[in-house]
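This report describes the internal space, the ring contacts and the burial of one helix in a single protein model. The structure is shown below.

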Amino acid sequence: MRRVAKLYRSSVGKKILMACTGLILFLFIVGHMVGNLKVLSGPEAFNHYAEFLREIGYPLLPHQSFLWMFRAVLLAAVVVHATSALLLWRSSRAARSEGYGKKKDISFTYASRTMRWGGVILALFIVYHLLHLTVGSIHPDFIPGDVYHNYVVAFQSPLIFGFYVVAQAALCFHLYHGLWSVTQTLGASHPKYNPIRRPVAVVLSLGIFVGFLIPPVLVLAGVVS
């Protein structure tokens with residue numbers, strides 16, 4: 001246990017935690033994107049999918065128990081990821097204030113410089129998204145259990161659609177830098193793989209950006225109604 005605590009106090013340990021929790025969140029994002037695309041199959045298919053998520057583990061587990069446990073794991077991953085990022089940023093800032101000269105790394109791209117603000121945007125979006133489509137407290141016409149109706153009504157608003165695009169753009173930048181960084185943190189940085197690390201990160205992050213935007217665009221265009 002002492003070794004674990006010592007590792008976490010180091011910058012390497014925090015980077016490893018960020019990478020591992022980032023991978024957990026990335027897998028959730030991919031699954032969430034695929035689930036959202038089911039709205040294109042119509043209300044019956046989308047509502048059935050949502051009901052399936054609520055009934056995982058039943059009757060072995062009480063109704064929605066697995067879903068809430070999964071949410072708890074995701075929340076823990078978000079907290080650990082964000083806390084590690086904040087602590088690393090603070091230690092990096094403190095090191096810079098001590099006046100040590102360091103050559104600027106060419107990998108310090110626009111995406112990496114906006115990671116912190118992107119994280120703030122995503123945090124605000126997650127809170128809004130939960131209140132909007134999960135709890136329904138700020139939804140204009142929320143019907144419990146009818147996720148198709150709630151989703152379509154939500155994205156018929158250009159204002160909500162615009163906010164969603166901004167959040168997905170922040171996610172795209174975050175994923176691009178994160179996917180590239182996680183390979184380096186977990187030891188995949190190698191001359192053989194380095195030329196494809198950034199292109200793969202670009203393709204995956206843009207693919208998720210497009211995948212999340214397809215259903216809202218079709219809703220706003222009136223194709224999905």
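## Charges over rings

In this predicted model, R71 lies over the face of W68, at 4.4 Å from the ring centre. A second arrangement of this kind involves W180: the charged end of R198 sits over its ring, 4.2 Å from the centre.

## Aromatic pairs and the ring cluster

Across the whole structure, 9 aromatic pairs are found. One of them joins Y128 and F163, whose ring centres are 5.3 Å apart and whose planes stand at 80°; because planes over 60 degrees apart count as edge-to-face, the pair is edge-to-face. This pair links distant parts of the chain, since Y128 belongs to helix α6 and F163 to helix α8, with their positions 35 residues apart in the numbering.

Are the two partners buried, partly exposed or exposed? Y128 has a relative accessible area of 23% and is partly exposed. F163, at 32% relative accessibility, also counts as partly exposed. Both values lie between the limits of 20% for buried and 50% for exposed.

Y128 and F163 also belong to a cluster linked by ring pairs. The other members of this cluster are F46, Y49, F125, Y151, F155 and Y164.

## The cavity

How many cavities of 30 Å³ or more does the structure hold? There is 1 such cavity, and about 50 Å³ of space lies in the largest cavity. Its lining consists of F125, Y128, H129, H132, L133, F155, I160, F163 and Y164. The elements that give two or more residues to this lining are α6 (115-135) and α8 (158-185). The largest share, 5 residues, comes from α6.

By class, the lining has 7 nonpolar and 2 polar residues, and no charged ones. Y128 and F163, the partners of the edge-to-face pair, are both among the lining residues. F125, F155 and Y164 likewise line the cavity and take part in the ring cluster.

## Helix α7

Helix α7 spans residues 147-154, and 6 of its 8 residues are buried, so the helix is largely enclosed by the rest of the structure. The buried residues are Y148, H149, N150, Y151, V152 and A154. Of these, Y151 is also a member of the ring cluster.

Which elements do the buried residues of α7 pack against? They pack against α2 (11-37), α3 (43-55), α6, α8 and α9 (194-220). Two of these elements, α6 and α8, also contribute to the cavity lining.

Conventions:
Residues numbered from 1 in each chain as written. Predicted model: local features only at pLDDT ≥ 70, side-chain atom pairs only at ≥ 80, totals over all residues. Heavy atoms only, no water. 1 Å grid on protein atoms, 1.4 Å probe; cavity = no way out; pocket = protein on both sides within 12 Å on 5 of 7 lines; lining within 4 Å. Points joined across faces, edges and corners; volume = space filled by probe spheres on them. Helix = DSSP H or I, 4+ residues; strand = E, 2+ residues; numbered from the N terminus. Nonpolar A, V, L, I, M, F, W, Y, C, P; charged D, E, K, R; others polar. Phe/Tyr/Trp six-rings, centres within 6.5 Å; stacked < 30°, edge-to-face > 60°. Buried < 20%, exposed > 50% of the residue type's maximum accessible area, 1.4 Å probe, protein only. Lys NZ or Arg CZ within 6 Å of the ring centre and 35° of its normal. Contact = heavy atoms within 4.5 Å.
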